[in-house]
Amino acid sequence: MAELRSHRESTSFFEGAPSLPEVAVDPVKTVNSAATAPSPSQSMSKPHRCSFADLQTIASQIAKGSHGGDKHVADSFVYAFDIDGVLVRGGKPIPEAIEAMRVLDGDNEYNIVVPHIFLTNGGGKTEEERCRDLSRQLGREIKTGQFICGHTPMREMAERYKTVLVVGGEGEKCRHVAEGYGFKDVVTPGDIIKHNEAVAPFRKLTAEEYANSRRRSFSRDVIDAIFVFADSRDWASDIQIMVDLAMSQGGRIGTLSTTFDEGPPIYFSHNDVVWSAAHEQVRLGMGALRRMFEVIFSDLTGGKGKARIHAFGKPQVSTFEFASRLMSDWRTTEHGLVGSLKTVYFVGDTPESDIRGTNAVNEASDDDWYSILVKTGVYQEGNTPTYEPRVTVDTVLDAVKHGIKREMERNESGGRRKALGLSGPSLEDSSAIDS
């Protein structure tokens with residue numbers, strides 16, 4: 001049986017504050033027990049000790065849902081989900097996704113609530129707007145505290161750069177996102193084209209684009225960094241402007257470097273070459289834009305140029321570490337949980353980003369990051385995944401049921417062995433469970 005808690009504390013999110021001391025509580029606490037949470041003096045007392053018979057009784061009661069309908073919060077494991085191809089495809093929910101969310105909310109045979117977050121490489125909108133979209137699609141409330149876009153980690157760089165070029169997305173949305181993150185001076189490709197339409201001879205701004213683009217001289221401006229927040233809506237003009245700046249003298253528009261290594265750094269919110277959309281075949285994504293930029297820049301500089309390119313999003317380990325910090329905060333603020341995790345189940349549809357990243361962070365983390373691949377998106381049955389998941393299942397509902405069952409089985413086995421005073425390998429360490 002999984003360790004279950006209901007104690008409420010608060011922890012810092014982005015500042016990386018040290019973990020709070022874990023409070024000794026009974027093995028099972030209901031969500032409704034906040035009013036009877038232990039006082040500071042009580043929390044210093046010894047943990048409640050259970051006999052093997054007690055553990056059997058508790059497990060039986062939970063399995064039968066006989067705790068008067070109370071929900072219990074799982075303290076030892078969580079879920080993190082990709083969105084496109086896992087929960088949603090072509091703007092419509094995958095049918096099993098709605099049922100999977102119900103299971104996580106406690107509609108399961110163990111009567112437990114499982115904390116969970118969403119980690120997508122998609123972007124182009126504020127986190128609030130993305131949460132509204134997903135809430136509508138899944139028929140439940142999704143909060144910003146449990147949601148990460150591909151560009152969400154970029155907000156931690158707002159103090160580093162003054163004037164930035166933001167590429168991608170619809171209309172002015174990405175400019176507004178960047179300004180919301182705290183970037184002080186945000187330029188768009190539209191601003192540059194409005195200043196000099198010869199920059200992109202085949203791109204004509206619409207009346208709305210022209211009105212929204214901001215007029216500026218650029219004579220003294222220096223572009224300190226380029227951020228590709230979302231998929232480009234006009235690849236030719238966006239790549240042209242990015243190449244111009246990469247070949248410029250220190251980010252000054254209209255200049256040309258002789259060494260081709262002076263351009264501003266370029267940050268992509270993710271590297272996905274393809275993604276799962278409404279079309280029956282995968283569609284080109286931001287990673288394809290990056291590859292085109294790199295090839296063109298190399299050709300124009302004779303292979304001698306040096307572009308400083310960085311990426312966020314999956315499969316970057318730093319993005320998964322960012323997600324871990326967000327999950328820690330979410331577990332505390334939403335569920336009142338403190339202390340470390342044992343297992344993070346990540347469910348994705350793309351081996352090259354979702355599975356690769358999960359496996360990579362698992363190598364670097366004290367937690368067990370458990371990769372689950374579904375067949376409803378980029379990965380299709382019959383293909384050999386480039387990066388092997390711990391398990392492959394049909395749908396996100398199967399992924400949720402698999403993880404919960406695995407936790408219940410291995411923790412019940414571990415509790416039984418501890419109660420009997422046994423040592424050595426247990427069911428928790430069995431490779432059969434990982435299959």
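**Two parallel sheets and the helices that cross them**

Of the 435 residues in the protein chain, 49% count as buried. The model is a predicted one, and the chain holds 13 helices and 17 strands. About 20200 Å² of the protein chain is exposed, with 49% of that supplied by carbon and sulfur atoms. Looking at contacts between residues at least 6 apart in sequence, 70% turn out to join residues at least 24 apart.

Start with the sheet of 5 strands. This sheet is open, its pairing is parallel, and its strands come in the order E9-E8-E10-E11-E14. Strand E9 (185–187) and strand E14 (309–311) sit at the edges with a single partner strand each, so one side of each has no neighbour in the sheet. On average, and with direction ignored, neighbouring strands here are turned by 25° against each other.

Further in, strand E8 (residues 163–167) meets strand E10 (residues 225–228), and the two pair in the parallel sense over 4 bridges. Within this pairing, Val164 stands opposite Ala225 in E10. As for what holds such partners together, strands of a sheet pair through backbone hydrogen bonds, whether parallel or antiparallel.

Two helices can be placed against this sheet. Helix H5, covering residues 173–181, lies across E8 and E9 and runs at about 160° to E9. Helix H8, covering residues 235–246, lies across E8, E10 and strand E11 (266–268), and its angle to E8 is about 150°. Strand E8 thus shows up in both lists: H5 lies across it, and H8 does too.

Now for the sheet of 6 strands. This one is also open with parallel pairing, and its order reads E7-E6-E2-E15-E16-E17. Its edges are taken by strand E7 (147–148) and strand E17 (391–393), each pairing on one side only. Inside the sheet, strand E15 (residues 343–348) and strand E16 (residues 368–374) pair in the parallel sense over 6 bridges. Here Phe346 stands opposite Ser371 in E16.

Helix H10 (residues 317–335) goes with this second sheet. H10 lies across strand E2 (77–81), strand E6 (116–119), E7, E15 and E16, and runs at about 150° to E6. The strands it lies across include the edge strand E7, along with E15 and E16, the pair joined over 6 bridges.

Note on methods:
Residues are numbered from 1 along each chain as its sequence is written. This is a predicted model: local features need pLDDT of at least 70, side-chain atom pairs count only at pLDDT 80 or more; totals for chains, interfaces and linings use all residues. Side-chain values use heavy atoms; hydrogens and water are left out. Buried means under 20% relative accessible area, exposed over 50%, partly exposed in between (1.4 Å probe, protein chains only). Contact means heavy atoms within 4.5 Å. Accessible areas come from the Shrake-Rupley method with a 1.4 Å probe; for residues, only the protein chains shown count as cover. Two strands pair if DSSP finds at least two bridges between them. Axes are lines fitted to C-alpha atoms, for helices over the stretch in contact, and angles run from 0 to 180 degrees between N-to-C directions.
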